[in-house]
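Open the model in your viewer and show side chains as sticks. The stops below concern charged pairs, taken one after another.

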Amino acid sequence: MAAFSDPEEAGLIAKEKSASDRWQKVAKIAKPALVLFLAGIIIVTIAATRIKHSTASDSYALSDSDSDQLPPTSSSNPADGDTSQSIHRISWNLSWIQAAPDGFSRPVIASNGVFPIPKVTTTVGDTIQLTVTNSLDTPILIHFHGTKNSINYDGSPATQCAILPTATFTYVVDMVYEGTYLIHGHTAGLQTDGLAAMLIVKPVERVSLYDRELSFLISDWFHEEYIKWSAKSMNAVNHTHSILAHSPVSGLVNFGREMAEGGVKLEAGKVFRIRIACMAAQAGFFFSVDGHDMSVIEVDGASVEPLHADSIEIGSGQRYSILIQTKPSGNGTNMNYNFRLTMQTSEFVHPQHPLTLLKLYYDTSSVDFFKPLKTYTSGTLDELKLIPTSKTRLGLPSVRFVLDFTGGGNLGFNHTIYTTPSIPTLYTALAIGATAGGLDSTGYGDVNPLVVPELDSIVEIVVTSRDADPHPVHLHGHRFQVVYASVETPMEKYIPGWDYDSTKKNPSLWRDTVMVPAKGFVVLRFKADSPGAWLLHCHLPMHSDLGMAVTVVEAPKEMAKFKIPPANLALCNYK
């Protein structure tokens with residue numbers, strides 16, 4: 001019979017210990033082992049990969065709609081007959097520059113002096129080597145959001161020390177799945193200041209359902225840096241001042257680039273794929289396309305059977321691909337249309353300009369398509385009706401965790417605030433794994449550990465919320481199946497032990513970022529096939545910073561086989 005643990009058994013309820021008592025235990029268990037572990041590190045050399053011969057042009061075939069792709073800084077080397085993989089070497093020198101994406105000048109983050117940072121396009125089976133030079137004034141981490149990362153290059157405080165100012169570090173990430181992903185900062189809310197780019201992974205064999213492709217990175221926007229407005233919100237004298245400080249000014253598409261250029265040109269009689277990714281700091285959105293039908297074909301990198309939608313709700317960290325059929329020549333092509341972006345307004349978020357319009361046009365002489373400037377208050381897409389093309393259905397779980405988010409003054413799960421560790425949780429797990437089996441959750445410190453003992457276990461995580469707003473929750477290193485999401489009317493309550501998947505005809509949707517409904521719950525399942533320390537957290541940076549996160553410590557005994565690359569250790573000043 002499956003053995004389930006409630007929050008207390010899982011170590012999720014705060015122990016009646018002081019922080020000093022807890023860390024005395026951590027030090028007793030982990031410190032000696034950590035010293036021995038680090039002293040015994042063997043230099044790891046990345047295995048030489050046989051690489052296909054390619055040039056920047058054939059690896060990054062540019063079209064009019066893909067002209068912002070960033071080519072590799074050096075082309076791949078000739079191989080010995082194996083044409084399965086290419087290595088794309090990309091360099092980001094990150095710095096602050098002044099820009100005015102909505103007409104108001106403020107500091108933003110640029111790569112190699114360019115803002116917004118260009119998207120990256122590659123192919124399944126390729127490897128990206130992203131070399132990051134930190135010319136900012138704050139430590140940074142870079143996360144490949146949604147990809148199946150190596151634990152050494154996940155880019156979170158659970159897996160590595162931050163890249164300090166003036167330092168350089170190279171991420172090595174294999175492209176396992178096709179789809180739409182993100183590369184973004186994971187410290188100090190820098191992703192909302194411009195440290196974000198879309199990552200497009202295309203299949204090796206392209207059986208195309210479309211003729212052209214567009215990519216829209218959407219975000220809410222403030223007139224000062226995250227570190228400033230978030231501090232004002234957290235330190236506000238009252239609730240009203242806090243809301244005003246953390247409410248966005250407006251929404252942006254691709255950080256305002258196409259808006260400044262007058263819009264996006266469509267071609268008559270074609271099928272366009274539009275990839276939409278959200279990198280919002282505070283708000284959720286609804287998006288739609290005036291005068292054109294939308295069909296959803298991808299969600300968070302996973303293909304789905306096409307489904308019509310009039311508008312779609314999207315939260316921070318989520319991605320969709322839609323298909324639109326453009327107008328036949330001479331039949332509606334004399335009009336301008338809009339990609340319509342409506343920011344959600346709630347008790348806690350009051351944007352100054354909730355509606356953002358990006359013009360879509362066929363001809364520069366077109367007249368505007370008339371449509372009332374309405375804003376959507378609810379999405380018409382029911383994502384539980386989406387059917388994944390993969391028919392894999394995860395079985396019953398052997399491990400279950402319940403995470404309760406109460407909202408209000410405590411942003412932790414199960415009343416426990418996540419605290420960023422001074423030593424990456426991965427290193428602590430490697431140190432204590434051999435001595436204590438890594439199964440005692442108290443040995444990891446204040447990182448809200450959810451310990452999954454066995455490799456390849458089916459894990460169920462139930463996230464319940466009593467908050468009045470929805471929250472986007474992201475799991476690193478995995479895709480999960482959204483077994484169930486509650487409906488708001490009538491208000492559903494989670495029933496412990498109930499198999500929410502048993503009555504479903506189709507397999508559950510695969511995602512890596514899910515919207516937890518306001519005063520509702522979601523039931524998620526994933527296979528624990530990636531040993532390591534993986535964050536699960538709210539993707540709104542201020543909520544994550546305030547402790548709305550847990551750490552999935554996966555198969556600790558398997559982690560004893562890991563070796564940490566010397567470059568990673570150097571970030572922590574370990575020799």
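Select Arg-275 and Glu-298: both residues are buried in this predicted model. Their side chains form a salt bridge, with 3.9 Å between the closest N and O atoms. That distance falls within the 4 Å cut-off, so the pair counts as a salt bridge. Colour the strands next: Arg-275 belongs to strand E12 (residues 271-278) and Glu-298 to strand E14 (residues 294-299). The two residues are 23 residues apart, and the pair links distant parts of the chain.

Now select Glu-213 and Lys-202. What is the distance between the closest N and O atoms of this salt bridge? It is 3.7 Å. Glu-213 sits in strand E9 (residues 212-221), while Lys-202 sits in strand E8 (residues 196-202), 11 residues apart. Are Glu-213 and Lys-202 buried or exposed? Both are buried.

Move on to Asp-300 and Arg-511. These side chains meet in a salt bridge at 3.0 Å, N to O. Asp-300 lies in the loop between E14 and strand E15 (302-309), whereas Arg-511 lies in strand E27 (residues 509-511). This pair also links distant parts of the chain, with the two positions 211 residues apart in numbering. Asp-300 is buried, and Arg-511 is buried as well.

For the last selection, take Lys-202, Glu-213, Arg-273, Arg-275 and Glu-298 together: salt bridges that share partners join these residues into one network. To survey the rest, list every such pair in the model; the count comes to 20 salt bridges.

How values were computed. Residues numbered from 1 in each chain as written. Predicted model: local features only at pLDDT ≥ 70, side-chain atom pairs only at ≥ 80, totals over all residues. Heavy atoms only, no water. Helix = DSSP H or I, 4+ residues; strand = E, 2+ residues; numbered from the N terminus. Buried < 20%, exposed > 50% of the residue type's maximum accessible area, 1.4 Å probe, protein only.
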